[in-house]
Amino acid sequence: MAKESDRLAKASAELPVVKSAALGTNMDVPWSKPVRIDDPFEGNYVGIFDRNYFWRNFVNNNARVEVISLWSRNSIRVLLAYSDRHCSYGSYYRTLIRVPDCLVFNNTLQITNLYIKLGEQVFRLEGNNNTFKVSDELATALKNSPSKNVSIRLLSETGETVDSAIGKRTVEGWKAIY
């Protein structure tokens, strides 16, 4: 175990540094690559940020859905955000040109359950505040996953279900974390 800790400490010293573990839709971090996180509230550790976005009918609107996650040895943190545009057409005074007036709405959902499908095995994690603990069994399965996209399912406290994917590069990076 001491050799593993030494190896991780040496590897983490060579990684890019991210100054916060906070998740948000406008983050500027190295995506899908191991990084050293130096967070003033959570301390220092190695993690991988992942992002997937797509359009779908969500909460009764055609919205852009964004799934942002932070994978670390002890936990997985997930942010499920969506944005929607409502446009109406107004016109400039004394002209016939019509220009859309758009309002953009952004929101997030509280995630209570995270499902991770690794091969034929599905891990169901119950979380608190969008954070999920990583068991030793899950860590081993993540480390040994084949280098391909992994399906995940998010279940919100309101019952909304969103299926997404963790990209191949993030899955390859899990080997440095777990």
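I began with the rule for pairing, under which two strands pair if DSSP finds at least two bridges between them. Strands, in turn, are DSSP runs of E with at least two residues and helices are runs of H or I with at least four, both numbered from the N terminus. I kept in mind that this is a predicted model, in which local features need pLDDT of at least 70 and side-chain atom pairs count only at pLDDT 80 or more, while totals for chains, interfaces and linings use all residues. Residues are numbered from 1 along each chain as its sequence is written, and side-chain values use heavy atoms, with hydrogens and water left out.

**Entry: the sheet**

I looked up β7 (residues 111-118) and found that this strand pairs with β8 in the antiparallel sense over six bridges. Within that pairing, K117 stands opposite V122 of β8, and Y115 has R124 in β8 as its bridge partner. The two strands form a hairpin with two residues between them, and G119 in the turn has a positive phi of about 65 degrees.

I then followed the sheet outward: four strands make an open sheet in the order β8-β7-β10-β11, with antiparallel pairing. β8 (121-126) and β11 (161-166) each have a single partner strand and stand at the edges, so one side of each is left without a neighbour in the sheet. Neighbouring strands of this sheet are turned by 20 degrees against each other on average, direction ignored; axes here are lines fitted to C-alpha atoms, for helices over the stretch in contact, and angles run from 0 to 180 degrees between N-to-C directions.

Which helix packs on the sheet? I noted helix α3 (residues 168-177), which touches β7, β10 (150-156) and β11, and whose direction makes about 70 degrees with that of β11. Contact means heavy atoms within 4.5 Å.

**Entry: F123 in β8**

I chose F123, which lies in strand β8, and found this residue buried at a relative accessible area of 9%. Buried means under 20% relative accessible area, exposed over 50%, and partly exposed in between, with a 1.4 Å probe and protein chains only. Leaving aside neighbours within four places in sequence, F123 is in contact with L114, Y115, I116, L118, E137, L138 and A141. F123 and A141 are 18 residues apart in sequence and 9.6 Å apart, C-alpha to C-alpha, in space.

**Entry: D50, a buried acid**

I turned to D50 in strand β3 (residues 43-58). What is the nearest side chain of opposite charge to D50? I found R51, 8.1 Å away, and D50 is buried yet has no salt bridge. In this count Lys and Arg are positive and Asp and Glu negative, whereas His and the chain ends are not counted; a salt bridge is a side-chain nitrogen of Lys or Arg within 4 Å of a carboxyl oxygen of Asp or Glu.

The side chain of D50 does make a polar contact with the side chain of T170, at 2.5 Å. A polar contact is a pair of N or O atoms within 3.5 Å, where within protein one must be able to donate a hydrogen and the other to accept it, and residues adjacent in sequence count only if both atoms are side-chain atoms. Beyond four places in sequence, the contacts of D50 include W31, S32, V67, W71, A165 and T170.

**Entry: salt bridges**

By the rule above I have five salt bridges, and I looked at some of them. R36 and D38 meet through their side chains at 3.0 Å, N to O; R36 is partly exposed at 23%, and D38 is buried at 16%.

E42 forms a salt bridge with R77, the closest N and O atoms being 2.7 Å apart. This pair links distant parts of the chain, with E42 in the loop between β2 and β3 and R77 in strand β5 (residues 75-91), 35 residues apart. E42 is partly exposed at 39%, whereas R77 is buried at 18%.

R73 and D136 also meet in a salt bridge, at 2.7 Å, N to O. R73 is in the loop between β4 (61-72) and β5 and D136 in helix α2 (residues 136-143), 63 residues apart.

**Entry: positive phi**

Most residues other than glycine have a negative phi. I noted S32, in the loop between β1 (17-18) and β2 (34-39), with a positive phi near 60 degrees. N129, in the loop between β8 and β9 (131-133), has a positive phi near 55 degrees. Is each buried or exposed? S32 is buried at 14%, whereas N129 is exposed at 56%.
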